[in-house]
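Keep the sequence and the 3D view open side by side. The paragraphs below lead you from one place to the next.

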Amino acid sequence: MTQRTDVVVIGGGQAGLAAGYHLRRLGIEFVILDAQAAPGGAWQHAWDSLRLFSPAAYSSLPGRLMPVQPGEVYPDAQHVVSYLADYEKRYELPLQRGVWVDAVHRDDAFLRVQTDCGDWQARAVISATGTWTRPFVPAVSGRRDYTGRQLHTVQYRNPEDFAGQRVIVVGGGNSGAQIAADLAGTADLTWVTQRPPRYLPDEIDGRALFDAATARRQALDAGRTDTGGVASLGDIVAVPPVRAARDAGLLTARSMFSRLTEDGVVWADGTSAQADAIIWCTGFRPDLAHFASLRLRGTRGHIATIGTRAIDEPRLHLLGYGDWTGPASATLIGVGRPAREAAREIAELLRP
């Protein structure tokens, strides 16, 4: 059976909920299809010690401030999950859970969204699937020869799983620094980064990151010199656990190794280290496989956009994948503005 609506939103995490909020305010008929069985998006799968970069008031979706978590300046992931669950109930957003979107096709005046629970015809589609389901691991020589445990950020939960083990954490971004700090003192830790770690000044949190990303987008849109955005400030937000481990001398990074062996890694100078486990904190790629039939993706895997709107398919908007779909749009505080702009553009598209 094929159902019909004005807009299908694919993904019920923070970006999908922000889109739903603005679509509802504009009186547009829509449905949110979410593959997850429960609210919370990727936050429900985060490691135990994960904390936001900003206080609750600066980590909110449009329309509703995140409440303060008692005893915490920077809320944990479970607090975010509870907030998102409350948010969708508060605004009575029409979510259908456990629905997997297989593909999106052009269908004359509509886009046809093919799912494992039947098809939808929509006059516009917002894709808000994020990146968590597409972890990236670099093609390092010998990776298949290594016989120890390998996992990505998405599989890491807590340091107790690695107590007393020799663990190599790969990655100089926020997840690499936070997981390395989490393991310091529990595991025999080696932290490996592509370049020396670049910490942002200790007083900077998510508010400043959002401002930097917004200023960069405004400069680029106005034809001015690229400010560099967040990357100009550094790679790692010094949240309290990272700051404590760094100041205690527990976060000394080594350069990237050149290859893996059966039981560890080898650097270019011939030095080696054995490892019981390697945790790849090496980022993600956008989850856009459902658009394969539309043939929109470029050489870097991105879909070319103006704002959130796909250049070669104006009925499609992409939300929450990073700065290329809106400044800081992969963050709670940053997704509201591009969600509003996407909803307004869709309202114009749907206007008789």
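Which residue takes a positive phi in the hairpin of β4 and β5? Asp108 does, with phi near 55°. Two residues lie between the strands of that hairpin. Keep in mind that this is a predicted model.

Now follow the strands on either side of the turn. Strand β4 covers residues 101–107, and strand β5 covers residues 110–115. They pair in the antiparallel sense, over six bridges. Ala103 gives a place to check the register: opposite this residue, in β5, stands Gln114.

Go on along the chain. A second hairpin, again of two residues, leads from β5 into β6. Strand β6 spans residues 118–127. Five bridges hold the pair β5 and β6, and the two run antiparallel. Here Val113 has Trp120 of β6 as its bridge partner. In general, strands of a sheet pair through backbone hydrogen bonds, either parallel or antiparallel.

Stay on β6 and select Asp119, which belongs to this strand. Is Asp119 buried or exposed? Asp119 is buried, because its relative accessible area is 17% and the cut-off for buried is under 20%. The side chain of Asp119 has a polar partner. It meets the side chain of Arg112 in a polar contact of 3.2 Å. Beyond its neighbours within four places in sequence, Asp119 is in contact with Met1, Thr2, Gln3, Arg112, Val113 and Gln114.

That list includes Gln3, so turn to strand β1, residues 2–10, where Gln3 has its place. Gln3 is partly exposed, at a relative accessible area of 29%. Its contacts, again leaving aside neighbours within four places in sequence, are Asp119, Trp120 and Gln121. For a sense of scale, pick Gln3 together with Tyr199. In sequence the two are 196 residues apart. In space their C-alpha atoms are 50 Å apart.

Next comes a loop. Asn158 sits between β7 (149–152) and β8 (166–170). Asn158 is buried, because its relative accessible area is 16%, and buried means under 20%. Which side chain does the side chain of Asn158 meet in a polar contact at 3.1 Å? The partner is Asp48. The side chain of Asn158 also reaches the backbone nitrogen of Asp161, at 3.4 Å. With neighbours within four places in sequence set aside, Asn158 is in contact with Asp48 and Asp182.

Helices are the next stop. Two packed helices are described by the angle between their axes and the distance between the axes. Take helix α3 (residues 174–183) and helix α5 (residues 240–247). Their axes come within 9 Å and cross at roughly 65°. The crossing is left-handed. On the α3 side, Ala177, Gln178 and Ala181 make the contact. On the α5 side, Pro241, Val242 and Ala245 do so. What is the make-up of this contact, in nonpolar, polar and charged residues? Five are nonpolar, one is polar and none is charged.

Move on to another sheet. Three strands form it, in the order β11-β12-β13. The sheet is open and its pairing is antiparallel. Its edge strands are β11 (259–260) and β13 (272–274), each pairing on one side only. Strand β12 holds residues 264–266, and three bridges join it to β13. Val265 has its bridge partner in β13, namely Ala273.

Finish with two backbone angles in loops. Glu92 is not a glycine, yet its phi is positive, at about 50°. Glu92 is in the loop between α2 (77–90) and β3 (95–97). Is Glu92 buried or exposed? Glu92 is exposed, because its relative accessibility is 61%, and exposed means over 50%. Arg295, likewise a residue other than glycine, has a positive phi near 55°. Look for Arg295 in the loop between β14 (277–280) and β15 (305–306). Arg295 counts as exposed, at 76% relative accessibility.

Definitions and conventions. Residues numbered from 1 in each chain as written. Predicted model: local features only at pLDDT ≥ 70, side-chain atom pairs only at ≥ 80, totals over all residues. Heavy atoms only, no water. Helix = DSSP H or I, 4+ residues; strand = E, 2+ residues; numbered from the N terminus. Buried < 20%, exposed > 50% of the residue type's maximum accessible area, 1.4 Å probe, protein only. Polar contact = N/O pair within 3.5 Å; in protein donor to acceptor, adjacent residues only side chain to side chain. Contact = heavy atoms within 4.5 Å. Axes fitted to C-alpha atoms, helices over the stretch in contact; angles between N-to-C directions. Left-handed = near helix turned anticlockwise from the far one by under 90°. Nonpolar A, V, L, I, M, F, W, Y, C, P; charged D, E, K, R; others polar. Pairing = 2+ DSSP bridges.
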